[in-house]
Amino acid sequence: MGLMVQRSTLPGQPLVRGAQLRLGDRVLPLLSPARVYVCGITPYDVTHLGHAATFVWADVAASVLRAAGVDVVTCRNVTDVDDVLTRAADARGRAYDEFALYQEYLFDKDMAALGVHRPSHAPRARHFIGQVQRLAAALLASGHAYQREGHVYFRGRQVVARSGLTAEQARALAQEYGDDPDDPLRDDPFDVPVWRPSDERQPAWPSPWGPGRPGWHAECAAMAVAVLGTSVDIVAGGDDLRFPHHAYQAAMVEAATSVTPFARAHLHVGTVHQGGAKMAKSTGNLSLVSDLLREHPAGAVRLLILDQPWHEPWDYEPARLAAAAATLEDLYAAAGRPDTSPGATDAVIEALLDNLDVPRAIAVARTSGGEAARLLLRVLSLV
Ligand code: ZN
């Protein structure tokens, strides 16, 4: 599969506007094309505002790169081989792949309504089983993995060391996100399956190690390499994917390819809370994207997400959405005014390239009006 490049969507702009993008403490000198891997959904349930925040921010990061004159290749995977999904499909008496496709359709509908661009590539895990097996074979060949009773385990001790977490923290997170540190087959509690055997209710493919299915981190590692190559510019996802998922994804790719770092920077988007707790289906405290969009314009929901630092957790309250709608009206009014400051469009791009500082870009656009406001509205997909 070749790299499919999305050209700059801002005609009439200079080809090079900024030389680098800062994301947190990483400063990326920009080359073109930029490769952005967005850790996508496990399609088994509804899309809430917490999911939307991740995908809207990833969308805007790509859009900012395009505004700076960089071509962007985006890959947003679909984790359609996953035990949570299999169980959800099973409970409804549906085949996992058919159930996943329907959930994917609902997700795509929500994303389209929110104005999130379609990614250049949207690989589904079940179509990349051969690539996962190739990854497993490479990790076995280089001594980074071992085979045991139908499993291929990746050696993960150094992943924890690199994460900066204590063993206790890492163990708690591994358990929370579906790994099993107490599995007695493993040499080390932090080894994770690249491949594992399936029981009769789980999807299974033939492999040199027996019939089975991939592990979650290996799926994203294999899809990223297959679609974008051995390294990427940005890995995006919710903050809760930092460990274990993205830590193991990177470690597997680096171990197999000897190319480091796998990701030049991360966009780990702050968690969205509601009523003081993390927004989640399991606890019932959530706002569905489809419900919010029934009552409010998509631009207001996007601005609710974007008008704050991308990396910080925040609490959703309806009053914030009303404030975002008012800001959006201000920006539309500013866009209709004549230009007052010729350098303001550059100031908007500079603010966005500086850690995606949307509040600063809004302040510039509001003050200057005219083309600066119109440019910001286009880059944030608010028009
Ligand atoms: Zn992933």
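Okay, let me open with a question: which elements each supply at least two residues of the lining of the second largest pocket? Keep that in your head for a moment. One warning before we go on: this is a predicted model.

So, the answer. They are α5, residues 157-163, then α8, residues 242-257, and β10, residues 263-269. The largest share comes from α8, with seven residues. The pocket itself has a volume of about 660 Å³. There are 24 residues lining the pocket, and the closest to its centre are Arg26, Arg162, Arg242, His266 and His268. If you sort the lining by class, you get twelve nonpolar, seven polar and five charged residues.

Now let's follow α8, since that helix turns up again. The chain pairs strands around here: β9 and β10 are parallel, with six bridges between them. One pair to find on your screen is valine 232, whose bridge partner in β10 is alanine 263. To get from β9 to β10 the chain goes through α8, and this β-α-β crossover is right-handed.

β9 has another partner too. Strand β3, residues 34-38, runs parallel to β9, and three bridges join them. There, valine 38 stands opposite alanine 236 of β9. And how many residues of strand β9 are buried? Seven of the seven, so the strand is largely enclosed by the rest of the structure.

Next, the zinc ion. Its protein donors are Cys39 through SG, Cys220 through SG and His245 through NE2, and they lie 2.0 to 2.1 Å from the ion. Along the sequence, the spacing of those donors reads C-x180-C-x24-H. Here's the nice bit: cysteine 39 is in the loop between β3 and α1, while histidine 245 is in helix α8, so this pair ties together parts 206 residues apart in sequence. Are these two buried or exposed? Both cysteine 39 and histidine 245 are buried.

Last stop, another sheet. This one is open, has three strands in the order β12-β11-β13, and its pairing is mixed. At the edges sit β12, residues 277-278, and β13, residues 314-316, each pairing on one side only. As a quick reminder, strands in a sheet pair through backbone hydrogen bonds, and that can be parallel or antiparallel. Strand β11, residues 272-274, pairs with β13 in the parallel sense, over three bridges. If you want a spot to click on, histidine 273 stands opposite aspartate 315 in β13.

That's my tour, thanks for listening!

Notes: Residues are numbered from 1 along each chain as its sequence is written. This is a predicted model: local features need pLDDT of at least 70, side-chain atom pairs count only at pLDDT 80 or more; totals for chains, interfaces and linings use all residues. Side-chain values use heavy atoms; hydrogens and water are left out. Two strands pair if DSSP finds at least two bridges between them. Helices (H or I, at least four residues) and strands (E, at least two) are DSSP runs, numbered from the N terminus. On a 1 Å grid over the protein atoms alone, a cavity is a set of points where a 1.4 Å probe fits but cannot get out, and a pocket is an open set with protein on both sides within 12 Å along at least five of seven lines; lining residues have an atom within 4 Å of a point. Grid points are joined across faces, edges and corners, and a volume is the space filled by probe spheres set on the points. Ala, Val, Leu, Ile, Met, Phe, Trp, Tyr, Cys and Pro count as nonpolar, Asp, Glu, Lys and Arg as charged, and the others, Gly among them, as polar. Buried means under 20% relative accessible area, exposed over 50%, partly exposed in between (1.4 Å probe, protein chains only). A crossover is right-handed if, with the strands pointing away from the viewer, the path from the first strand over the helix to the second runs clockwise. Donors are N, O and S atoms within 2.8 Å of the metal (3.2 Å for Na, K and Ca); water is not among the atoms, so sites may look incomplete.
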